[in-house]
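The following paragraphs lead the reader through one protein structure, beginning with its sheet and proceeding to its helices and nonpolar cores. Please keep the sequence and the model in view while reading.

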Amino acid sequence: MTLDQRQQVALFRYSVISPLETGTSDPSISNNEFFRRAAQKTYTGPDGKETTVGASTIEKWHRAYQRGGFQALFPQGRSDEGISRKLTPEIQAQIRFLLVEHPRITAAEIYRILLAGGSICLGQFSVSTVERFVRHIRKEEGSAPGKDMRRYERPHINEVWYGDTCYGPYLSTPEGKKRVYFIALIDDASRFIVGADIFFNDTYDNLMSVIRSAVSKFGRPKLFGFDNGASFRNKQMELLAARIGSAVHYCEPYTPTSKSYVKIWVM
């Protein structure tokens with residue numbers, strides 16, 4: 001089983017138990033009742049087929065998560081199987097972003113961009129390493145099932161943080177004029193800006209910088225709410241949320257009003 005397949009299994013298991021882990025399940029019911037009700041539901045499994053899960057299995061996943069966090073939900077096996085260990089998570093995120101922004105880009109072009117930007121050094125790894133990872137991503141995304149996610153509204157602070165990116169003005173730099181991007185996170189209940197920064201690129205790495213700063217100051221939210229932009233809707237974001245014990249929900253396409261106060265603040 002490849003790393004991506006194990007990640008999909010772990011994310012599926014987390015999606016089943018996440019209401020209990022994040023405190024968004026019915027507080028009036030016991031854990032055993034949660035397991036019983038969850039076992040009555042039908043889920044879309046990692047293979048895209050509908051499936052059910054037994055209450056005892058759900059309880060086992062819950063206990064594993066309590067002991068070892070998100071990593072404990074992975075099926076046993078080498079955690080980096082199928083992915084070159086030469087590509088750090090940061091490099092992988094950059095490659096994914098380039099593929100989203102430029103679907104026809106080649107591995108050789110990606111390699112040159114990484115070199116030119118200083119993300120990698122000559123000889124750190126070969127173009128063939130990038131080629132293998134690019135093939136892996138394109139195969140992965142070609143079979144990825146769609147998801148229907150809804151916005152959640154919660155009454156207390158640190159229950160939902162909404163995030164967004166807005167375009168800023170062009171600034172003069174030694175390399176010429178560059179557009180700036182405002183990335184902000186706002187708490188749903190208090191409307192308090194928990195994180196914000198300005199960048200020259202709207203990327204997952206820059207979003208992580210804002211999230212890291214916000215979590216270090218205010219703790220983690222139970223839910224992140226984002227739109228469907230490439231820097232927000234990706235497996236890295238889902239994995240991050242699962243690892244820190246949060247969940248991610250995305251706005252329906254073409255419904256920007258569901259987080260309009262983020263845009264209003266940024267603008």
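In this predicted model, strand E3 (residues 160-173) and strand E6 (residues 223-226) are paired in the parallel sense, with 3 bridges between them. Within this pairing, Tyr162 of the model faces Gly225 in E6. E3 is also joined to strand E4 (residues 176-187), by 11 bridges, and here the two strands run antiparallel. Two residue pairs help to locate this second pairing: Gly163 has Leu185 in E4 as its bridge partner, and Thr165 stands opposite Ile183 in E4. The connection from E3 to E4 is a hairpin through 2 residues. As general background, the strands of a sheet pair through backbone hydrogen bonds, in either a parallel or an antiparallel manner.

From E4 the sheet may be followed to strand E5 (193-199). E4 and E5 pair in the antiparallel sense over 6 bridges, and Leu185 has Gly195 as its bridge partner in E5. Leu185 is thus a useful landmark, being the partner of Gly163 as well as of Gly195. E4 and E5 form a hairpin with 5 residues between them. Arg191 is found in the loop between these two strands, E4 and E5, and has a positive phi near 60° although it is a residue other than glycine. Is Arg191 buried or exposed? Its relative accessible area is 44%; because buried means under 20% and exposed means over 50%, Arg191 counts as partly exposed. A positive phi also occurs at Asn158, near 65°, again in a residue other than glycine. Asn158 lies in the loop between helix H6 (127-142) and E3.

On the other side of the path, E6 is joined by 4 bridges to E7, and these strands run parallel. Leu223 has Ala247 as its bridge partner in E7. H8 packs on the sheet and touches both E6 and E7, its direction making about 140° with that of E7.

The pairings can now be assembled. The result is an open sheet of 5 strands in the order E5-E4-E3-E6-E7, with mixed pairing. E5 and strand E7 (247-250) stand at the edges; each has a single partner strand, so one side of each is left without a neighbour in the sheet. From one strand to the next, the twist averages 25°.

Beyond E5, the chain enters a loop that leads to helix H7 (204-218), and Thr203 lies in this loop. Why does Thr203 count as buried? The relative accessibility of Thr203 is 14%, and residues under 20% are classed as buried. Not counting residues up to four places away in sequence, Thr203 touches Phe97 and Ser231.

Attention now turns to the helices. The axes of H2 and H3 come within 8 Å and cross at roughly 125°. That angle makes H2 oblique to H3. H2 passes H3 in a right-handed crossing. On the H2 side the contact is made by Asn31, Phe34, Phe35, Arg36, Ala38 and Ala39, and on the H3 side by Ala55, Ile58, Glu59 and His62.

Phe34 and Ile58 reappear in the largest nonpolar core, which has 22 residues; they are among those with the most contacts inside it, together with Tyr14, Ile17, Trp61, Phe70 and Leu73. Two or more residues of this core come from each of helix H1 (3-22), helix H2 (31-39), helix H3 (55-68) and helix H8 (235-244). H1 gives the most, with 8 residues. Tyr14 illustrates how distant parts of the sequence meet: leaving aside neighbours within four places in sequence, its contacts include Tyr65, Phe70 and Leu73, as well as Ala241, Ala242 and Gly245. Apart from this core lies another, of 20 residues, among them Ile183, Tyr204, Met237 and Tyr250. Ile183 was met above, in E4, opposite Thr165.

Some totals place these details in the whole. The protein has 9 helices and 7 strands. Of its 267 residues, 43% are buried. Among contacts between residues at least 6 apart in sequence, 60% join residues at least 24 apart.

Technical notes. Residues numbered from 1 in each chain as written. Predicted model: local features only at pLDDT ≥ 70, side-chain atom pairs only at ≥ 80, totals over all residues. Heavy atoms only, no water. Buried < 20%, exposed > 50% of the residue type's maximum accessible area, 1.4 Å probe, protein only. Contact = heavy atoms within 4.5 Å. Core = buried A, V, L, I, M, F, W, Y, C linked by side-chain atoms within 4.5 Å. Pairing = 2+ DSSP bridges. Axes fitted to C-alpha atoms, helices over the stretch in contact; angles between N-to-C directions. Parallel < 35°, antiparallel > 145°, perpendicular 65-115°, else oblique. Left-handed = near helix turned anticlockwise from the far one by under 90°.
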